[in-house]
Amino acid sequence: MRISFLLEAEDIARFHAALARAERLADCMDECEVVDTAKEALNTLPLASAPRYVRQRLVCVQQMILMLEDEAWCLPAAERREVLRTLIYFADPEDLIPDDVVVIGLLDDAIMLELLLRSLRHVIDAYVDFCTYRRDLQAAAVTPERLQLSTLLARRRDALRERMRRRIARMESVRRIAQAP
């Protein structure tokens, strides 16, 4: 069964207010605390009983945590802030619907993740492509020369970051055109 709904401007404003609250909480947290809090939330939330649509979005939360911790990817600061912003909301136990409310407690998290993941789509895609390239490169190297492997990986990372930025800029340009009077 497919259920869809339309979020009105007022509904989105509520989510933005909740996100702003979470961001204020994060002002006193460093990146490691945000990541640790998100990991703790993943480990303690009732995920086994969570609906599939929630679990699907939580896979992206796991990818974002891995992305932040991946030294070879070394996500640039601007994109890093956006990923952290998403994790902050997810890890906030006092969001719009308390997470421990059976069945619907994670609904607001799933909606917010869906909204935020749309803006992070190109960042996540680039990281997934980077991981695939790294895995393929390592598998193909019978006797990998570390320097050559690192150089190839760095070149691919830089190319993927450039692609990511072009796609984000194009998406923002389309959004501005759509919002113009």
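Let's start on the outer side of helix α2: the face turned away from its buried side carries the exposed residues Cys32, Asn43 and Thr44. Keep in mind that this is a predicted model. The protein chain has an average pLDDT of 82, with 87% of the residues scoring at least 70. Confidence is highest in α2 (residues 31-44) and lowest in α1 (residues 9-26), as the table shows.

| Helix | Residues | Mean pLDDT |
|---|---|---|
| α1 | residues 9-26 | 79 |
| α2 | residues 31-44 | 88 |

Now turn α2 around. Val34, Val35, Ala38, Ala41 and Leu42 are buried. Viewed down the axis of α2, its buried residues fall within an arc of 120°, so they line one face of the helix. These buried residues pack against α3 (52-69) and α4 (77-91).

The length of α2 works out nicely too: at 1.5 Å a residue, its 14 residues should span 20 Å, and the end C-alpha atoms are indeed 20 Å apart, which agrees. At the N-terminal end of α2, Asp30 acts as the cap, with a side-chain oxygen 3.1 Å from the backbone nitrogen of Cys32.

On to the aromatic rings. The structure holds 2 aromatic pairs. In one of them, Trp73 and Phe130 are tilted, at 5.0 Å centre to centre and with 45° between the planes. This pair links distant parts of the chain, as Trp73 sits in the loop between α3 and α4 and Phe130 in helix α5 (residues 107-140), 57 residues apart. Are Trp73 and Phe130 buried or exposed? Both Trp73 and Phe130 are buried. Ring pairs also bring in Tyr127, linking Trp73, Tyr127 and Phe130 into a cluster.

Notes
Residues numbered from 1 in each chain as written. Predicted model: local features only at pLDDT ≥ 70, side-chain atom pairs only at ≥ 80, totals over all residues. Heavy atoms only, no water. pLDDT = per-residue confidence, 0-100. Helix = DSSP H or I, 4+ residues; strand = E, 2+ residues; numbered from the N terminus. Expected span 1.5 Å × (residues − 1). Buried < 20%, exposed > 50% of the residue type's maximum accessible area, 1.4 Å probe, protein only. Arc of directions from axis to C-beta. Contact = heavy atoms within 4.5 Å. Polar contact = N/O pair within 3.5 Å; in protein donor to acceptor, adjacent residues only side chain to side chain. Phe/Tyr/Trp six-rings, centres within 6.5 Å; stacked < 30°, edge-to-face > 60°.
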